[in-house]
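Dear colleague,

I am passing on the model we spoke about, placed just below, and after it you will find notes on what turned up in it. Please read them with the coordinates open.

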Amino acid sequence: MNERYEDMYQAASRYYIQGETMESIAHQLRLSRSSVSRLLKDARESGLVRISLADHSGSQSPLASAISRHFGVRVHMVSVRENANENVRFDQVARLAGRLFTEAVDDHQLIGVAWGVTLSHVVKHLGRRPLVGSTVVQINGGANQRSSGIPYIGEILQSIGDAFDARVVLFPVPAFFDYAATKQAMWRERSVQNVLKLHSKLDLAVFGVGCLEGRVPSHVYSAGYMDASDMRQLASDGVVGDVCTVLLREDGSYADISYNERATGLTPAELQRVPRRICVVADPSRAPAVVGALRAGTATDLVLDEGTARAVLDRARV
C-alpha cells in the first residue's frame, strides 16, 4: 500500500504541479502510460488530489446575477436542455451540488444535512475528501407513523460520512410530532439536547426545498408524514413548501403556522446562524417554495438549473 501511495503521489505531483506529460511520467517511473493514467485516477478518487473551482462567487450569467441581486445569495447554475426529463435535471444539478459540497467541507467541521429527494441525488456525486475531526449531523427528524425513517435517511447521511471520513450523528425523532407538548418534553431529554447542541454550532448546512405540489414529489409529502386532512390544512394556511420540514409561505413567513409547533427541523432563523448554507433545487414547479425559502433567508448559496432559475425569478417578480 505504501509503495502504491508513493507512486500515486509521484505521478500526481508531476502531472498536476510540475506539468509533465503522462509519457514523461511513465518514462521516469518506468511504468506504462496506462498505469500512470490509473494512478492519476486513483489519486483523485482517494482524495489525494482535490480538483476545485477557483471562482467561489457563483455563476455570472445575467439570469444567475439577477437572482443573486434579488435575494442576496450566491447562485451556482447548470445548463440543462429544455426537453430533459426530471431524472436528467436532478442528476445534472446534483453533480454540480456534489462538487460544491465536496469543496465546501473542511477539517473539524460540523456539517448539517437535511434528508430528502434532492439530497438522495446529491450524495451520489460527492467526491472523496478525507477529513479530520468532522461530523455529519442530521438536522431534521425523520420518523413517521409507518417507519422510523432510519434506512432511507441513514443511507443518505452515511454516504456523506463515508465520502468525508466523518462521524455520523442521527436525530432519532419524528419529522413532526403529533402534539406540540410532546416535542417540548422531548426537547428536554439529554439525548436530544446533545444533538440540538450540535445544531447550534454547525459550520455548514446542505438541504433541498420541499413543495406541496412539485412535479417530483417531495419525500415529506409522499411518504406517510402527512394525511389528506393535513395537506388541506396546510393549503388553507397558504403553505407552499418547506425547508428542513419547517413549513413556509411564499412570502417567507412561517412563525405563525401552527403545524411548525410540531416540526423538528431548524427554523430559518436558526439556519441563519450557520455560516454557509447550500440550498439545492432542480424542479421549476417548486419555484413558489424556493422563493419562500429565499425570502426567509435560509440560504447563502443556491444550486439549480436554468429552467428552475427562470421560474424562480418570474415568481419573485409577480
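**Strands, helices and cores**

Strands β2 and β3 are paired in parallel through four bridges, where two strands pair if DSSP finds at least two bridges between them, and strands (E, at least two residues) and helices (H or I, at least four) are DSSP runs numbered from the N terminus. Within this pairing, G112 stands opposite V137 in β3. This is a predicted model, in which local features need pLDDT of at least 70 and side-chain atom pairs count only at pLDDT 80 or more, whereas totals for chains, interfaces and linings use all residues. Residues are numbered from 1 along each chain as its sequence is written, and side-chain values use heavy atoms, with hydrogens and water left out.

Strand β2 (residues 110-113) is covered on both faces, since L110 and G112 on one side and I111 and V113 on the other are all buried (buried means under 20% relative accessible area, exposed over 50%, and partly exposed in between, with a 1.4 Å probe and protein chains only). On its other side, β3 (residues 135-138) runs parallel to β4 and is joined to it by three bridges, with R167 in β4 as the bridge partner of T135.

These strands belong to an open, parallel sheet of seven strands in the order β1-β10-β9-β5-β2-β3-β4. Its edge strands, β1 (74-78) and β4 (167-169), each pair on one side only. On average, neighbouring strands of this sheet are turned by 20° against each other, direction ignored. Helix α14 (residues 306-316) lies across β1 and β10 (301-305) and runs at about 115° to β10; axes are lines fitted to C-alpha atoms, for helices over the stretch in contact, and angles run from 0 to 180 degrees between N-to-C directions.

There is also an open sheet of three strands, antiparallel and ordered β6-β7-β8. Because β6 (210-211) and β8 (246-249) stand at the edges with a single partner strand each, one side of each is left without a neighbour in the sheet. Two bridges link β6 with β7 (residues 239-243) in the antiparallel sense, and G210 stands opposite D242 in β7. Helix α13 (residues 287-295) lies across β6, β7 and β8, at about 60° to β7.

The largest nonpolar core (a set of buried Ala, Val, Leu, Ile, Met, Phe, Trp, Tyr and Cys residues joined through side-chain atoms within 4.5 Å) has 49 residues, and those with the most contacts inside it are F71, F207, V243, L294 and L302. Helix α13 gives the most to this core, with six residues. Leaving aside neighbours within four places in sequence, L302 is in contact (heavy atoms within 4.5 Å) with residues including I67, V73, V290 and L294. Another core, lying apart from that one, has 45 residues, among them A84, L212, I257 and A282.

Elsewhere, helices α2 (residues 22-29) and α3 (residues 33-46) pack at an angle of about 105°, with their axes 8 Å apart, which makes α2 roughly perpendicular to α3 (65 to 115 degrees, as against under 35 for roughly parallel, over 145 for roughly antiparallel and the rest for oblique). In this contact, M22, E23, I25 and A26 of α2 meet R33, V36, S37 and L40 of α3.

Finally, A181 lies in helix α8 (residues 180-186) and counts as exposed at 53% relative accessibility.

Best wishes
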